[in-house]
Amino acid sequence: MLLGGDGVFLNDAHVAYGPVGGDRQLRDLWFTIMNQYYGLGVASFGDDLRGEPNRLLEEILR
């Protein structure tokens with residue numbers, strides 16, 4: 001996925017995650033985009049089978 005613009009996300013950055021099971025959830029990417037880029041103030045997005053709450057993907061933010 002390519003992200004950029006509006007000074008919210010890092011430019012020229014590559015983020016890779018570890019093996020499946022210990023990685024971050026795709027729902028956290030959408031959660032980050034909705035809250036940091038669009039400013040929607042979404043409290044929660046999607047379900048996690050491990051019961052983990054949503055977290056911002058700080059590693060892609062400025």
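Is R55 buried, partly exposed or exposed, and what is its relative accessible area? R55 is partly exposed, at a relative accessible area of 45%.

## Overall organisation

The structure described here is a predicted model. The protein contains one helix and zero strands. Of its 62 residues, 26% count as buried. Among contacts between residues at least 6 apart in sequence, 68% join residues at least 24 apart.

The protein exposes about 4600 Å² of surface, and carbon and sulfur atoms supply 54% of that area. One pairing across the chain involves L10, which is found in the segment before α1. The C-alpha atoms of L10 and R62 are separated by 5.3 Å, although the two residues lie 52 residues apart along the chain. L10 counts as partly exposed because its relative accessibility is 35%, between the 20% limit for buried residues and the 50% limit for exposed ones.

## Helix α1

Helix α1 covers residues 26-37. At 1.5 Å a residue, its twelve residues should span 16 Å, and the C-alpha atoms at its ends are 16 Å apart, so the expected and modelled values agree. After the helix comes G39, whose phi is positive, near 65 degrees.

The buried residues of α1 are R27, D28, L29, F31, T32, I33, M34 and N35. N35, in helix α1, counts as buried because its relative accessibility of 16% is under the 20% cut-off. Leaving aside residues up to four places away in sequence, N35 touches L40, G41 and V42.

W30 is also found in helix α1, but W30 is partly exposed, with a relative accessible area of 36%. Together with L26 and F45, W30 forms a nonpolar patch on the surface. The accessible area of L26, W30 and F45 together is about 290 Å².

## T32 and its surroundings

T32 belongs to helix α1. Its relative accessible area is 0%, so T32 is classed as buried. The side chain of T32 reaches the backbone nitrogen of L57 at a distance of 2.8 Å.

With residues up to four places away in sequence left out, T32 touches F9, Y37, R55, L56, L57, I60 and L61. L57 therefore appears both in this set of contacts and as the residue whose backbone nitrogen the T32 side chain reaches, while the contact criterion is heavy atoms within 4.5 Å.

## R55 beside the helix

R55 is placed in the segment after α1. Which residues does R55 touch, not counting those up to four places away in sequence? The contacts of R55 are R24, D28, F31 and T32. Of these, D28, F31 and T32 are listed among the buried residues of α1.

The C-alpha atoms of R55 and F31 are separated by 7.6 Å, and the two residues are 24 residues apart along the chain. The contact between R55 and T32 joins a partly exposed residue, at 45%, to a buried one, at 0%.

## Salt bridges

How many salt bridges does a search of the whole structure find? The search finds two. In one of them, the side chains of R27 and D48 meet at 3.4 Å, N to O. R27 lies in helix α1 and D48 in the segment after α1, so the pair ties together parts that are 21 residues apart in sequence. Both R27 and D48 are buried.

D48 also forms a salt bridge with R50, and the closest N and O atoms of this pair are 3.5 Å apart. D48 is buried, with a relative accessible area of 13%, whereas R50 is partly exposed, at 42%. R27, D48 and R50 are thus linked in a network of salt bridges.

Methods:
Residues are numbered from 1 along each chain as its sequence is written. This is a predicted model: local features need pLDDT of at least 70, side-chain atom pairs count only at pLDDT 80 or more; totals for chains, interfaces and linings use all residues. Side-chain values use heavy atoms; hydrogens and water are left out. Helices (H or I, at least four residues) and strands (E, at least two) are DSSP runs, numbered from the N terminus. Buried means under 20% relative accessible area, exposed over 50%, partly exposed in between (1.4 Å probe, protein chains only). A polar contact is a pair of N or O atoms within 3.5 Å; within protein, one must be able to donate a hydrogen and the other to accept it, and residues adjacent in sequence count only if both atoms are side-chain atoms. Patches are made of residues with over 30% relative accessible area and no salt bridge: like charges are joined within 9 Å, nonpolar side chains (Val, Leu, Ile, Met, Phe, Trp, Tyr) within 5 Å. Accessible areas come from the Shrake-Rupley method with a 1.4 Å probe; for residues, only the protein chains shown count as cover. A salt bridge is a side-chain nitrogen of Lys or Arg within 4 Å of a carboxyl oxygen of Asp or Glu. The expected span of a helix is 1.5 Å times one less than its number of residues.
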